[in-house]
Structures are given as structure tokens and as C-alpha cells.
Amino acid sequence: MIKKPVTIRTDMDMASRPIAHLVQEASQYKSSVYIEMENTKINAKSMMGMMSLPLLKGTSLTVVAEGEDEENAVNGVGAFLENRK
């Protein structure tokens, strides 16, 4: 299991469908991928779960992955959240 702290650097406004793109990013990995915020752990491959999180610019969270490509998963999802334009 790998954990990576991340701070969202851009707005995740609904108009540009960032949640759908985030779920697509997480879904390309074989590993289980989760987003942890405070006391909440949500499956990053779940559209409904991800929509329940307040993913706002400046929010700190942790990307967690477990599986055969876990390092690529945390790096890919982390980069999406930090560098999304």
C-alpha cells in the first residue's frame, strides 16, 4: 500500500466534468485507489463516491493505492489533482 499527500491546485468545477475525468484516471489502474479526507475514505473509481467529496482548490487529501501498479496509480491520480488545467 502506498499513500501520497496531495493538495488540489485548481478548481474542480462541475462544468468541465473533473470528477468524471478523475474517475477515468483512477479506473485505468488495476490497483484499488482511494481518496482519504479527514475521516473519510472513498473509492476513487466510484463516480457517486467521488461526487460526495468537497474537492476544492487548496483542499489537502491523501491518495491511497494498493495492488500491482500502486505506485503508478498514486502518482497518476496525484498528478491529476495537482496539475489539472
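**Exercise 1.** Does M48 count as buried or exposed, and at what relative accessibility?

*Solution.* In this predicted model, M48 is placed in helix α2, which spans residues 47–51. The cut-off for an exposed residue is a relative accessible area over 50%, and because M48 has 67% relative accessibility, M48 counts as exposed. As a further step, M48 can be set beside M47 and M51, with which M48 forms a nonpolar surface patch of about 330 Å² of accessible area together.

**Exercise 2.** Determine which residues of helix α1 are buried, and where around the helix axis they lie.

*Solution.* Helix α1 comprises residues 18–27, and its buried residues are P18, I19, L22, V23, E25 and A26. These residues cover an arc of only 160 degrees around the axis, and therefore they lie on the same side of α1. An α-helix has 3.6 residues a turn, so residues three or four places apart point the same way. The cover over the buried residues of α1 includes β2 (32–37), α2 and α3 (70–83).

**Exercise 3.** Describe the surroundings of E70, starting from its accessibility.

*Solution.* E70 is found in helix α3, and because its relative accessibility is 18%, below the cut-off of 20%, E70 counts as buried. Apart from neighbours within four places in sequence, E70 is in contact with M1, I2, S31 and A65. Of these, I2 is 68 residues away from E70 in sequence, yet the C-alpha to C-alpha separation is 6.5 Å. Turning to M1, the side chain of E70 reaches the backbone nitrogen of M1 at 3.4 Å.

How values were computed
Residues numbered from 1 in each chain as written. Predicted model: local features only at pLDDT ≥ 70, side-chain atom pairs only at ≥ 80, totals over all residues. Heavy atoms only, no water. Patch = residues over 30% accessible without salt bridge, like charges linked within 9 Å, V, L, I, M, F, W, Y side chains within 5 Å. Areas by Shrake-Rupley, 256 points an atom, 1.4 Å probe, with all protein chains shown as cover. Salt bridge = Lys/Arg side-chain N within 4 Å of Asp/Glu carboxyl O. Helix = DSSP H or I, 4+ residues; strand = E, 2+ residues; numbered from the N terminus. Buried < 20%, exposed > 50% of the residue type's maximum accessible area, 1.4 Å probe, protein only. Arc of directions from axis to C-beta. Contact = heavy atoms within 4.5 Å. Polar contact = N/O pair within 3.5 Å; in protein donor to acceptor, adjacent residues only side chain to side chain.
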